[in-house]
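Open the model in your viewer and keep the selection box at hand. This tour goes stop by stop, saying what to select and what is there.

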Amino acid sequence: ETITIGVHTSLTGGLADYGFAAAEACKIAAEDFSGFEVDGTVYEIELSIKDDKGEPAEAPIVAQQLVDEGVVGVIGCLTSGNTNASLPIYQEAGIPLISGSATSPDLTEADFDNFFRTCWNDAVQGEALAVWADELGFKKVTIVDDAGAYAVGLADVTQNTLDEKGAETQRMSVEEGGKDFSAQIANITEFDPDAVIFTGYHPEAGLLRKQLVEAGLDVGFMGGDGIKSTEFINEAGGAENAEGCYATFGSFPEDQQPGYAEFAEKYDEAYGSEVGPYAQN
């Protein structure tokens, strides 16, 4: 028999690099696991890959499409906001949703019994980010979010942990998709921090870093897994601007993942590149 598994991801928009890597890895997994047997029946896996464009408003539409196709389960969504928008549809249909990148703690604390994840949540990541900042000697920190579900939750935990450690913190937001951060940079300049921690995604993070450098602010720069992308380098204005920036990531180190080396080799053979972010999750 053939079963269909949905892959609910973001193949266009600002996070397409994340979504592409996740989708391509799912193709490898489908090949690896096809032909598994349960109670004497052999099952082949077929994938239905859908693009929600990275937009929470599009996510329920994609979810309903996958439900209508009769998928037995869904891998996704890519982001916490899109996952939150889709969960009621999958819950009503009795379809499990497993994400390797939706890190908001609220997703597992809400009344959804069909959601699972294979990544650390932001209660863990936010604390780790703050501890790391403290270890790096950053005692005066500006924390910037993009007002989205993922960024705000991660920022809250990071700020609370830094405050507990006695750091002096400043909190502000930018608009997701924004291009001009001059107002925020003026406030950051006045605060004069040791570092800026951005808890959103790499398109805004890279641009913020670029504008900080152009404003002459020599400060540390950190972020969560939302900035862990090679795209950040170009968005920041090149390798020189990106040098010395740090990012946490909600996964086990590669050397602690059984079978990672074999997977990485398959990924490179299939796509001619190193394993993209979220592929291994």
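The stops below cover two pockets, a run of strands and the cysteines.

**Stop 1: the largest pocket**

Bear in mind throughout that this is a predicted model. Start by selecting Ala29, Thr118, Ala279, Gln280 and Asn281, which lie nearest the centre of the largest pocket. The lining has 40 residues, and the space amounts to about 930 Å³. Now colour the elements that give two or more residues to this lining: β1 (2-9), α1 (16-33), β3 (41-51), β4 (73-76), β5 (97-99) and α11 (260-271). Which element gives the largest share of the lining? Select α1: the helix provides 8 residues. Colour the lining by class and you get 23 nonpolar, 14 polar and 3 charged residues.

**Stop 2: the second largest pocket**

Move on to the second largest pocket, with about 550 Å³ of space. Select Lys228, Ser229, Thr230, Glu231 and Pro277; among the 21 lining residues, these are the closest to the centre. Next, show α9 (231-235) and β11 (246-247), as each supplies at least two lining residues. The most come from α9, with 3. Here the classes read 11 nonpolar, 5 polar and 5 charged.

**Stop 3: strand β10 and its partners**

Select residues 220-223, which form strand β10. Show the side directions: Gly220 and Met222 point one way, Phe221 and Gly223 the other. Are these residues buried or exposed? All of them are buried.

Add strand β9, residues 195-198. β9 and β10 are parallel partners, joined over 4 bridges. Find Val196 and look across to Phe221 in β10. Then trace the chain from β9 through helix α8 (residues 202-214) into β10; this β-α-β crossover is right-handed.

Bring back β11, the strand that also helps line the second largest pocket. β11 pairs with β10, again in the parallel sense, over 2 bridges. Gly223 faces Ala247 in β11.

**Stop 4: the cysteines**

Finish with Cys77 and Cys119. How many disulfides does the structure hold? The count is 0. Select the sulfur of Cys77: the closest cysteine sulfur, in Cys26, is 12 Å away, so the two are too far apart for a bond. Now take Cys119. Its closest cysteine sulfur is the one in Cys77, also at 12 Å and therefore too far for a bond. For a disulfide, the sulfurs would have to be within 2.5 Å. Cys77 is buried, at 1% relative accessibility. Cys119 is buried as well, at 11%.

Conventions
Residues are numbered from 1 along each chain as its sequence is written. This is a predicted model: local features need pLDDT of at least 70, side-chain atom pairs count only at pLDDT 80 or more; totals for chains, interfaces and linings use all residues. Side-chain values use heavy atoms; hydrogens and water are left out. Buried means under 20% relative accessible area, exposed over 50%, partly exposed in between (1.4 Å probe, protein chains only). On a 1 Å grid over the protein atoms alone, a cavity is a set of points where a 1.4 Å probe fits but cannot get out, and a pocket is an open set with protein on both sides within 12 Å along at least five of seven lines; lining residues have an atom within 4 Å of a point. Grid points are joined across faces, edges and corners, and a volume is the space filled by probe spheres set on the points. Ala, Val, Leu, Ile, Met, Phe, Trp, Tyr, Cys and Pro count as nonpolar, Asp, Glu, Lys and Arg as charged, and the others, Gly among them, as polar. Two strands pair if DSSP finds at least two bridges between them. A crossover is right-handed if, with the strands pointing away from the viewer, the path from the first strand over the helix to the second runs clockwise.
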